[in-house]
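Hi,

Here is the structure I said I would pass on. Have a look at it first, and then read on for what turned up.

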Amino acid sequence: MRALQLSRIQKLDILPASAYSFLEVYKPLTQTHTKLPIFESLIPLGYPSPADDYIDRQLDLNDMLIQNKLSTFYLRVVGDSMKGCGIFNNALIIVDKSKRPKDGNVVLAAINGEFTCKRLKIENRKVYLCPENKDYTDILITEDMNFLLWGVVTYAINPFS
């Protein structure tokens, strides 16, 4: 079992949009935009302070969170392997398939047909997918694995309950 060398990962392309059509989890970001008020004042997390009485502007989360609308999708994750970087069970992750994955990025990958969200690590010309939870171990990507990088995770939206 040989490790996947760095030169091979550079040849991997993010799959085209048509490849996502078979996934039930794929949800394209449509033109539905809802602008909500955003208040100018910052809210301290320590002691409360008086809030401003006016709205500064309208905020559209699509404009704030999505850079490449045609190459971005979102999906819900299950599990706690990425809790160390703020991706918790039942979080909604935003994935941009147009971004070139780099060492240190959190990525959505497929290994032997199964999806996972992990931090990409390239070390000593070897490729690893690393969890952000000490209860899990790193995954060394080997040449005998069917390995695809689907995209780079750009944001995670976590529910409180």
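There is one aromatic pair in the structure, and bear in mind throughout that this is a predicted model. The partners are Phe115 and Trp150, arranged edge-to-face, with 4.9 Å from centre to centre and 75 degrees between the planes. That angle is why the pair goes down as edge-to-face, since the label applies to planes over 60 degrees apart. The two rings come from distant parts of the chain: Phe115 belongs to strand S7 (residues 114-123) and Trp150 to strand S10 (residues 147-157), 35 residues apart. Their surroundings are worth a look too. Trp150 is buried, at 3% relative accessibility, whereas Phe115 is partly exposed, with a relative accessible area of 38%.

Since S7 has come up, let's stay with that strand and its partners. S6 and S7 pair antiparallel over six bridges, and S7 is also joined to strand S8 (residues 126-130) by five bridges, again running antiparallel. If you want to check the register, Ala109 stands opposite Thr116 in S7, and Ile122 stands opposite Val127 in S8.

Now the turns. The S6 and S7 hairpin has two residues between the strands, and Asn112 there takes a positive phi near 50 degrees. In the hairpin of S7 and S8 there are two residues between the strands as well, and Asn124 has a positive phi near 50 degrees.

Thr116 is a good place to zoom in. This residue sits in strand S7 and is buried, with a relative accessible area of 15%. The Thr116 side chain makes a polar contact of 2.9 Å with the side chain of Lys118. How does that fit with a strand? In a regular strand the side chains alternate between the two faces of the sheet. Leaving out residues up to four places away in sequence, Thr116 touches Val107, Leu108, Ala109, Ile111 and Leu129.

Next, the nonpolar cores. Which residues have the most contacts inside the largest one? They are Ile87, Ile93, Cys117 and Val153, in a core of 14 residues. Strand S4 (72-76), S5, S6 and S10 each contribute at least two residues to this core, and S6 gives the largest share, three residues. There is also a second, separate core of eleven residues, with Ile111, Leu120, Phe147 and Val152 among them.

Back in the largest core, Cys117 is easy to follow from residue to residue. With residues up to four places away in sequence not counted, Cys117 touches Ser81, Met82, Ile87, Ile93, Val106, Val107 and Val153. Two of the names there, Ile87 and Ile93, are again on the list of residues with the most contacts inside the core.

Two last items involve charged side chains. Lys121 lies over the face of Tyr128, at 5.2 Å from the ring centre. Arg100 is found in the loop between strand S5 (92-96) and strand S6 (106-111). Is Arg100 buried or exposed? At 57% relative accessibility, Arg100 is exposed, because the cut-off for that label is over 50%. The C-alpha atoms of Arg100 and Leu149 are separated by 9.5 Å, with their positions 49 residues apart along the chain.

That's the tour; over to you.

Best wishes

Technical notes: Residues numbered from 1 in each chain as written. Predicted model: local features only at pLDDT ≥ 70, side-chain atom pairs only at ≥ 80, totals over all residues. Heavy atoms only, no water. Phe/Tyr/Trp six-rings, centres within 6.5 Å; stacked < 30°, edge-to-face > 60°. Helix = DSSP H or I, 4+ residues; strand = E, 2+ residues; numbered from the N terminus. Buried < 20%, exposed > 50% of the residue type's maximum accessible area, 1.4 Å probe, protein only. Lys NZ or Arg CZ within 6 Å of the ring centre and 35° of its normal. Polar contact = N/O pair within 3.5 Å; in protein donor to acceptor, adjacent residues only side chain to side chain. Contact = heavy atoms within 4.5 Å. Core = buried A, V, L, I, M, F, W, Y, C linked by side-chain atoms within 4.5 Å. Pairing = 2+ DSSP bridges.
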